[in-house]
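Student: I have a structure to look at, and I would like to understand the words people use for its parts. Could you go through them with me?

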Amino acid sequence: MFQRSIIRTLRTASRANLASVTAVRPAVALSVRFNSTQPPSSTKAFKTPEEQERRQQLDLQDKMEKDWDAKVITYEDFLPKTENPSADAYIIDVREPDEVIQGMIPSAVNLPLSVLPEALHMDREAFFNKFRFEKPRPTQEVTFYCRSGKRSSTASDIAKRNGFTNILNYKGSWLEWVEKQNPKPSS
């Protein structure tokens with residue numbers, strides 16, 4: 001009988017402890033959740049130079065990525081670049097070779113988006129041997145276009161991440177070019 005009373009007491013005590021633990025858990029979770037949504041303190045002192053350097057690198061990366069988009073160029077601004085090409089400016093078609101068969105904008109060169117990241121990391125000689133034109137310098141003006149404007153935006157972003165600074169995006173791309181160059185007669 002004594003054994004049964006001890007077992008009952010232990011069961012009751014363990015149930016009471018479990019109930020108090022479950023009652024406390026949500027309060028802790030809410031507190032943690034609330035605290036995790038607060039912005040990090042910018043005045044926090046970092047303990048080591050490595051932490052400070054890492055923080056500076058992350059801040060610089062955030063600054064570069066924040067709301068960046070290449071300057072969009074219109075057909076009217078783009079047309080003179082095709083009529084009077086410059087050695088200091090590139091017009092790059094990022095469509096795949098099977099799409100280029102449809103035609104290209106005058107004075108453009110083809111550098112497919114699928115190989116663009118690797119191409120920008122090649123040395124100048126290897127780049128020339130593969131693509132048959134000089135590799136653009138990071139400070140040169142580079143205008144990207146594709147079929148409809150989506151891949152040219154991606155190419156602009158890739159170029160920016162690889163150190164290019166003078167990037168233009170012809171968002172009208174091939175579809176707008178064909179439409180404006182070959183207007184349909186009005187009926």
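Tutor: Let us go through some of its features one by one, keeping in mind that this is a predicted model.

Student: What is the order of the elements in the protein chain?

Tutor: The chain has eight helices and five strands. Starting at the N terminus, they follow one another as α-α-β-α-β-α-β-α-α-β-α-β-α. Of its 187 residues, 26% are buried.

Student: Why is Ser 152 called buried?

Tutor: Buried means under 20% relative accessible area. Ser 152 has a value of 0%, so this residue counts as buried. Ser 152 is part of helix H7, residues 150-161. Leaving out residues up to four places away in sequence, its contacts include Val 94, Phe 144, Tyr 170 and Ser 173.

Student: And what makes Ser 107 partly exposed?

Tutor: Its relative accessible area is 36%. The partly exposed class runs between the buried limit of 20% and the exposed limit of 50%, so Ser 107 belongs there. Ser 107 sits in the loop between helix H4 (97-100) and strand E3 (109-110).

Student: What is notable about the phi of Ser 107?

Tutor: Ser 107 has a positive phi, about 70°, although it is not a glycine. Most residues other than glycine have a negative phi. Ser 173 also has a positive phi, about 50°, and is not a glycine either.

Student: Where is Ser 173 found, and is it buried or exposed?

Tutor: Ser 173 is found in helix H8, residues 173-181. With a relative accessible area of 0%, set against the limit of 20%, Ser 173 is therefore buried.

Student: How do you know that Phe 78 and Tyr 170 are stacked?

Tutor: Two numbers settle that. The ring centres are 4.3 Å apart, and rings pair if their centres lie within 6.5 Å. The planes are 20° apart, and under 30 degrees counts as stacked, so this pair is stacked. Phe 78 lies in helix H3 (residues 75-83) and Tyr 170 in the loop between strand E5 (166-169) and H8, so the pair ties together parts 92 residues apart in sequence. Both Phe 78 and Tyr 170 are buried.

Student: Then what makes Phe 127 and Phe 133 edge-to-face?

Tutor: Here the planes are 85° apart, with 5.3 Å from centre to centre. Over 60 degrees counts as edge-to-face, so that is the name for this pair. Phe 127 and Phe 133 are both buried. The count comes to seven aromatic pairs, and ring pairs link Tyr 75, Phe 78, Tyr 170 and Trp 177 into a cluster.

Student: Which residue lies over the face of Trp 174?

Tutor: That is Arg 95, at 4.8 Å from the ring centre. The distance limit is within 6 Å.

Student: How many cavities of 30 Å³ or more does a search of the whole structure find?

Tutor: The search finds one. The largest cavity has a volume of about 30 Å³.

Student: Why is the lining of the largest cavity described as nonpolar?

Tutor: The lining residues are Ile 92, Leu 116, Leu 120, Pro 136, Val 142, Phe 144, Ala 159 and Phe 164. Ile, Leu, Pro, Val, Phe and Ala all count as nonpolar, so the lining has eight nonpolar, no polar and no charged residues. Helix H5 (116-121) and strand E4 (141-145) each supply at least two of the lining residues.

Methods
Residues are numbered from 1 along each chain as its sequence is written. This is a predicted model: local features need pLDDT of at least 70, side-chain atom pairs count only at pLDDT 80 or more; totals for chains, interfaces and linings use all residues. Side-chain values use heavy atoms; hydrogens and water are left out. Helices (H or I, at least four residues) and strands (E, at least two) are DSSP runs, numbered from the N terminus. Buried means under 20% relative accessible area, exposed over 50%, partly exposed in between (1.4 Å probe, protein chains only). On a 1 Å grid over the protein atoms alone, a cavity is a set of points where a 1.4 Å probe fits but cannot get out, and a pocket is an open set with protein on both sides within 12 Å along at least five of seven lines; lining residues have an atom within 4 Å of a point. Grid points are joined across faces, edges and corners, and a volume is the space filled by probe spheres set on the points. Rings of Phe, Tyr and Trp (its six-membered ring) pair if their centres lie within 6.5 Å; planes under 30 degrees apart count as stacked, over 60 as edge-to-face and the rest as tilted. A charge sits over a ring if NZ of Lys or CZ of Arg is within 6 Å of the ring centre and within 35 degrees of the ring normal. Contact means heavy atoms within 4.5 Å.
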